[in-house]
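Here is my notebook from a first look around this structure. I kept the entries short, so follow along as you like.

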Amino acid sequence: MNVKKELCMLCQTCAAVCPTQCIEVTEMDIILSDDCNDCGICARACPMGALHE
């Protein structure tokens, strides 16, 4: 997955739905670990369209 950080509002929706728990959202950033399997669940859940393959 790739993140368009300018669109991300750090709402943590993606982290909540990630089945591999590879997304960390801090107060200032979103971090995807190398464990991401590109399933796309986070991208479909993102209300801002900030995540994409």
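**Entry 1: a turn at Leu 10.** I began with Leu 10, which I found in the loop between E1 and H1. A reminder to myself: this is a predicted model. The phi of Leu 10 is near 60°, a positive value in a residue other than glycine. I also looked up its cover, and at 26% relative accessibility Leu 10 counts as partly exposed.

**Entry 2: another positive phi.** Next I went to Gln 21, in the loop between H1 and strand E2, which spans 23-25. Here phi is near 50°, and Gln 21 is again a residue other than glycine with a positive value. Is Gln 21 buried or exposed? I noted it as exposed, because its relative accessible area is 71%.

**Entry 3: a residue on helix H1.** I then picked Ala 16, whose place is in helix H1. Its relative accessible area is 69%, so I wrote it down as exposed. I checked one distance from here: Ala 16 and Cys 39 are 23 residues apart in sequence, and their C-alpha atoms are 14 Å apart in space.

**Entry 4: looking for salt bridges.** How many salt bridges does a search of the whole structure find? My search gave 1 salt bridge. In it, the side chains of Lys 5 and Asp 29 meet at 2.8 Å, N to O. The pair links distant parts of the chain, with Lys 5 in the loop between E1 and H1 and Asp 29 in the loop between E2 and strand E3 (30-32), 24 residues apart. I added a general reminder that side chains of opposite charge can pair when their charged atoms come close. As for cover, Lys 5 counts as partly exposed at 47% relative accessibility, and Asp 29 is partly exposed too, with a relative accessible area of 26%.

**Entry 5: cysteines and disulfides.** I searched the whole structure for disulfides and found 0. Why does Cys 36 have no bond to Cys 22? The sulfur of Cys 22 is the closest cysteine sulfur to that of Cys 36, but they are 4.4 Å apart, which is too far for a bond. For Cys 42, the closest cysteine sulfur is in Cys 36, and I noted no bond there because 6.0 Å is too far. I compared their cover as well: Cys 36 is partly exposed, with a relative accessible area of 22%, whereas Cys 42 is buried, at 6%.

**Entry 6: the nonpolar core.** That buried cysteine led me to the largest nonpolar core, which has 11 residues in all. Cys 42 belongs to this core, and other members include Met 1, Ile 23, Val 25, Ile 30 and Leu 51. My general note here is that in soluble globular proteins, nonpolar side chains tend to be buried together. Ala 50 is also one of the core residues. Leaving aside neighbours within four places in sequence, I found Ala 50 in contact with Asn 2, Val 3, Lys 4, Leu 7 and Cys 8.

**Entry 7: a patch on the surface.** Leu 7, one of those contacts of Ala 50, was my last stop. I found Leu 7 in the loop between strand E1 (2-3) and helix H1 (13-17). Leu 7 counts as partly exposed because its relative accessibility is 31%. Together with Met 9 and Met 48, Leu 7 forms a nonpolar patch on the surface. The three have about 260 Å² of accessible area together.

Definitions and conventions
Residues numbered from 1 in each chain as written. Predicted model: local features only at pLDDT ≥ 70, side-chain atom pairs only at ≥ 80, totals over all residues. Heavy atoms only, no water. Patch = residues over 30% accessible without salt bridge, like charges linked within 9 Å, V, L, I, M, F, W, Y side chains within 5 Å. Areas by Shrake-Rupley, 256 points an atom, 1.4 Å probe, with all protein chains shown as cover. Salt bridge = Lys/Arg side-chain N within 4 Å of Asp/Glu carboxyl O. Helix = DSSP H or I, 4+ residues; strand = E, 2+ residues; numbered from the N terminus. Buried < 20%, exposed > 50% of the residue type's maximum accessible area, 1.4 Å probe, protein only. Core = buried A, V, L, I, M, F, W, Y, C linked by side-chain atoms within 4.5 Å. Contact = heavy atoms within 4.5 Å. Disulfide = S-S within 2.5 Å.
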